[in-house]
Structure formats: structure tokens, C-alpha cells
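This briefing goes through one structure by topic. The notes that follow are meant to be read beside the sequence and the coordinates.

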Amino acid sequence: MTTATGAVEADQDRKAPGRPRSARADEAIIEAVLDMLAEGTAFEALSIEAVAARAGVGKATIYRRWPNKEALLFDAVKTVKGEPAQMGGGSVREDIVALLAPAGHLEHSRAGQIMPCLLAEMQRSPELRHVYQRISEPRRDLMRTVLRRGIAEGTLRPDLDLDMVVALLFGPLIAQSLVHWSPDTAREDLIERLVTAVWPAIAATAPADGS
């Protein structure tokens, strides 16, 4: 049952176009989406109506903030994944390690709870795949930027297939974090071991005279 206070707040929200968005309402809506995803709700079942009911808001409140379900899902998944990692501006190798850090620590995060639920859904839903790619592309692009810098300064091979190297770096971490692909592999130094294993294949060959 709607309280008098809640009715007044809702009425004010309706009557005041241009008023600042309610951070509390935004948070409740995003949390509702994330809770439903973590519970395994299918993309098709993640309707605006269902989210509104879970968040305790009206559909109009959601539509004032997001034009459609894809936009809402994008913001929800982006929120749980967080911002792309920040590079320290040190060596190319150090920046590669920094960019890999979030992907290597998914297991105990909320993203680690939600992403496995999304994997199967992404196979069935082009819309969800599109959302995921929009979120992932800036992270891949940051890694390409670091690799190009390494090529320009002579640290990395000039003939690198950048997209393949990005896949080689991120792929094992995602597989390990989401599906525990290698259960005997320790997580504490996983990123360093991965970069050490890949590095000889991507590093520039030193001149024979050592100059």
C-alpha cells in the first residue's frame, strides 16, 4: 500500500520535470536489475514491469531515466563491472598487468556472481551480446593503446596482431574467474604468470649486438 509520504514524493516526481534525478531511485532500480540477473533471470523476463515491481517504483520512473530495457541493462552491468582499470603510466608491462587486474579478480565480486548467469543468456540474446560488447570494448581499446605504445617505443614486436594479443591476455583470466577452468592454478599470482608466459611471444627481439 502506498503511504501518503510516498504518494507525495511520487506526485512531486511527476510534476517537476527537470528536477534532479533521485539517486535513491536510481540505486533501487539498478539494484533490482542486478539482483534479478544474479538470480538467473532470463533477459526476456527482465521486463521494465518486473524491474519496477522489484525496485518498488512505477514504470514511468524507469522510463524517465532509461529509454528502453537495453539502456537500463547497460547501466546496470556497467555499474557492477566498474570503470576500466587505471594505468600507472609506468612500463608497458606494468600497464598491461594493471589493465588485467579487474578481470583477474572477478570470482568474489558481484560481477563474478552475475557474469556466469549472463554467459548462457548472451548465446540466445543478440541484445544482451550487444550490451556486453559495448561495455567490454573500452577495456579492449585501452589494452590496444598500451600495445601500440609498446610497439612505438620498441618494447613490443611491430608485427603484433593486436586483437589476438588482447584475446590471449584477457581470455585465460575470464575463463579462470568465471568457470574455474584450471582448478589447480593459484590465483594470487595468476596475472603475473600469464603476462610472463605471453611476454616472450610479444616482446621485441633485442638486437644481436645488445645495442
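Helices here are DSSP runs of type H or I with at least four residues, numbered from the N terminus. The model is predicted. The points below cover its nonpolar cores, then helix H8, then three individual residues.

**Nonpolar cores**

- The largest nonpolar core holds 30 residues.
- Val-33, Leu-37, Val-51, Ile-62, Leu-72 and Leu-73 have the most contacts inside this core.
- At least two residues of this core come from each of helices H2 (23-38), H3 (48-55), H5 (69-81), H7 (110-124) and H8 (126-152).
- A separate core of 26 residues lies apart from it, and Val-97, Val-146, Leu-190 and Val-198 are among its members.
- Setting aside neighbours within four places in sequence, Val-33 contacts Leu-46, Val-51, Leu-72, Leu-73 and Ala-76.

**Helix H8**

- H8 comprises 27 residues, and the distance from its first C-alpha to its last is 37 Å.
- That span is close to the 39 Å expected at 1.5 Å a residue.
- At Ser-136 the helix bends by about 35 degrees, and Pro-138 follows within four residues.
- The buried residues of H8 include the nonpolar Leu-128, Val-131, Ile-135, Met-143, Val-146 and Leu-147.
- Also buried in H8 are Tyr-132, Ser-136, Arg-139, Arg-144 and Gly-150.
- Ser-136 is thus listed as buried and is also where the bend is located.
- After H8 comes Gly-154, which has a positive phi near 85 degrees.

**Arg-134**

- Arg-134 is located in helix H8.
- Arg-134 counts as partly exposed because its relative accessibility is 37%, and the partly exposed class lies between the 20% and 50% cut-offs.
- Beyond its neighbours within four places in sequence, Arg-134 is in contact with Glu-70 and Phe-74.
- The C-alpha atoms of Arg-134 and Lys-78 are 9.4 Å apart, although 56 residues separate the two along the chain.

**Thr-41**

- Thr-41 sits in the loop between H2 and H3.
- A polar atom of the Thr-41 side chain is 2.8 Å from the backbone oxygen of Met-36.
- Not counting residues up to four places away in sequence, Thr-41 touches Met-36 and Leu-46.
- Leu-46 is also among the contacts of Val-33.

**Arg-64**

- Arg-64 belongs to helix H4, which covers residues 59-65.
- With a relative accessible area of 43%, Arg-64 is partly exposed.
- The side chains of Arg-64 and Thr-61 are joined by a polar contact of 3.4 Å.

Key. Residues numbered from 1 in each chain as written. Predicted model: local features only at pLDDT ≥ 70, side-chain atom pairs only at ≥ 80, totals over all residues. Heavy atoms only, no water. Core = buried A, V, L, I, M, F, W, Y, C linked by side-chain atoms within 4.5 Å. Buried < 20%, exposed > 50% of the residue type's maximum accessible area, 1.4 Å probe, protein only. Contact = heavy atoms within 4.5 Å. Expected span 1.5 Å × (residues − 1). Bend = angle between axes of the 7 residues up to and from the residue. Polar contact = N/O pair within 3.5 Å; in protein donor to acceptor, adjacent residues only side chain to side chain.
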